[in-house]
Amino acid sequence: MKKYISLFLVLTAVASLCGCSSFRPAPQRYSKTLTEYFDTVTTVIAYDTSEAEFNRKAEELEQWLGEYDRLYDIYQPYDGINNLYTVNEQAGKAPVKVDRKVLDLLLYGKEAYTLSRGTVNICLGSVLRLWHEAREASLENPESAYLPEQAALTQASAHTDIQQLILDEQASTVYLADSEMSLDVGAVAKGFAARALSERIQENLWQDFVLSLGGNVCTAGNKNGDGTTLWNVQIENPNPQAGSALEVLQLTDKAVVTSGDYQRYFTVDGMQYCHIIAPDTLYPADAFSGVTVVCEDSALGDVLSTALFILSLDQGKELVEALDGVEALWVDKAYNIIYSSHFEDYLK
Ligand code: ADP
Ligand code: MG
């Protein structure tokens, strides 16, 4: 007994000595919001020892985010790099040498097509452009709001064959073999970039953080930075009349990704048209107000949230239940909530 007591005293003495020599202030919670990337809002919340330290790291994160944004931009070129705008511009002309990050995204885009049963197609650019133009013009001039012509949609849909996206990993080039085809990575790029950024954050910046890249939320470590508390992630209510969050999830080391019809849409003759287009009808998917996916990988979450928004509930449920570690929540047009079999485990 005596032996144990003295051992205990020695251990306490050592522990308090160590405590003195390596004293550090408890990490504090800091956050930063950025609005200049991916045409959306990015927020990072993390625990750090001082505001200066947090800001230094947040600036590093912003550099990385900016690089992904420029590489994946389909709307404009940037000096000194070949991005997706360049690839689209060179359709039918020549292969374009690209950064590995571009090649990896497009390889993932091909996987996304298979995984989503053809509903998420990064080669749908020619069709999506018609909807994009109609949306922008209609939002600007609501009195002359219009829908894309059916004939134009049908004509454009003849140029969406993902087999015409030629990726050469050895040469690190991308070629669109159909001159009228174009890439639109809106359904996958944010989740893919969020996954890559999250990995880089964990390796270089913080252990306890939440990164949200336009509704693609990645969580790691713990809220409070104390190793005990899960993060709370709110799911926005698609019903504009409802004041509060739809649900609050408690989790960590998971991605939470939502696709919805309530942020990007336009109105023609009193009907709302959202930005997620079903490839079979060439019209906006209209079965759900929102779909949220929880899984480890935000790239997969992004693909699936868009796919489930397009697929029927039965097809979507079947897809989710066949995948390990994936849960989903659907909100239908009447704002009824439907859960996959273990989604409720995450509810607070
Ligand atoms: P958000 O970008 O608002 O988070 P999503 O991840 O669901 O939502 O992606 C929607 C975007 O994906 C659209 O703005 C458009 O650029 C693109 N998109 C729409 N429909 C499809 C589709 N069927 N396949 C591939 N991309 C699509
Ligand atoms: Mg998506």
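**Close-up views of a predicted model**

**View 1. Strands S3 and S5 in the predicted model.** Strand S3 and strand S5 (residues 173–176) run antiparallel and are joined by two bridges. Val-96 has Val-174 in S5 as its bridge partner. The two strands belong to an open sheet of three strands, ordered S3-S5-S4 and paired antiparallel. Strand S3 (96–97) and strand S4 (165–168) are the edge strands; each has a single partner strand, so one side of each lacks a neighbour in the sheet. The model shown here and in the other views is predicted.

**View 2. Hairpin of strands S1 and S2.** Strand S1 (residues 28–37) pairs with strand S2 (residues 40–48) in the antiparallel sense, over eight bridges. Arg-29 stands opposite Tyr-47 in S2. Two residues lie between the strands of this hairpin, and Phe-38 takes a positive phi near 55°. Strands of a sheet pair through backbone hydrogen bonds, in either the parallel or the antiparallel sense.

**View 3. Coordination of the magnesium ion (ligand 2).** The ion is coordinated at 2.1 to 2.5 Å by Ala-187 (O), Asp-302 (O), Asp-302 (OD) and Thr-306 (OG1). Asp-302 thus appears in the list of donors with O and with OD. The spacing of the donor residues in sequence is A-x114-D-x3-T. Asp-302 and Thr-306 are separated by about one helical turn, because they are four residues apart in helix H8 (residues 298–310).

**View 4. Asp-302 and Thr-306 in their surroundings.** Are these two donor residues, Asp-302 and Thr-306, buried or exposed? Asp-302 has a relative accessibility of 5% and therefore counts as buried. Thr-306 also counts as buried, because its relative accessibility is 7%; the cut-off for buried is under 20%. Asp-302 is found in helix H8. Between the C-alpha atoms of Asp-302 and Ala-194 the distance is 9.8 Å, while in sequence the two residues are 108 residues apart.

**View 5. The shell around ligand 1.** The shell holds 17 residues, of which Lys-190, Ser-259, His-275, Ile-277 and Thr-306 come nearest to the ligand. Thr-306 also coordinates the magnesium ion (ligand 2) through OG1. By class, eight residues of the shell are nonpolar, six are polar and three are charged. H8 contributes three residues, the largest share of the shell.

**View 6. Contacts to oxygen atoms of ligand 1.** Which residue has a polar side-chain atom 2.7 Å from an oxygen atom of ligand 1? The residue is His-275. An N or O atom in the side chain of Asp-302 is 3.0 Å from an oxygen atom of the ligand. For Ala-187, a polar backbone atom lies 3.0 Å from an oxygen atom of ligand 1. On its own, ligand 1 has 560 Å² of accessible area, and the protein covers 90% of this. Ala-187 and Asp-302 are also among the residues that coordinate the magnesium ion.

**View 7. His-159 and Asp-178.** His-159 is placed in the loop between helix H6 (150–157) and S4. With a relative accessibility of 15%, His-159 counts as buried. The side chains of His-159 and Asp-178 make a polar contact of 2.8 Å. Strand S4 (165–168), which follows the loop, stands at an edge of the three-stranded sheet.

How values were computed. Residues are numbered from 1 along each chain as its sequence is written. Chains are lettered from A and ligands numbered from 1 in the order in which they are written. This is a predicted model: local features need pLDDT of at least 70, side-chain atom pairs count only at pLDDT 80 or more; totals for chains, interfaces and linings use all residues. Side-chain values use heavy atoms; hydrogens and water are left out. Donors are N, O and S atoms within 2.8 Å of the metal (3.2 Å for Na, K and Ca); water is not among the atoms, so sites may look incomplete. Buried means under 20% relative accessible area, exposed over 50%, partly exposed in between (1.4 Å probe, protein chains only). A residue is near a molecule or strand if one of its heavy atoms lies within 4 Å of it. A polar contact is a pair of N or O atoms within 3.5 Å; within protein, one must be able to donate a hydrogen and the other to accept it, and residues adjacent in sequence count only if both atoms are side-chain atoms. Accessible areas come from the Shrake-Rupley method with a 1.4 Å probe; for residues, only the protein chains shown count as cover. Ala, Val, Leu, Ile, Met, Phe, Trp, Tyr, Cys and Pro count as nonpolar, Asp, Glu, Lys and Arg as charged, and the others, Gly among them, as polar. Two strands pair if DSSP finds at least two bridges between them.
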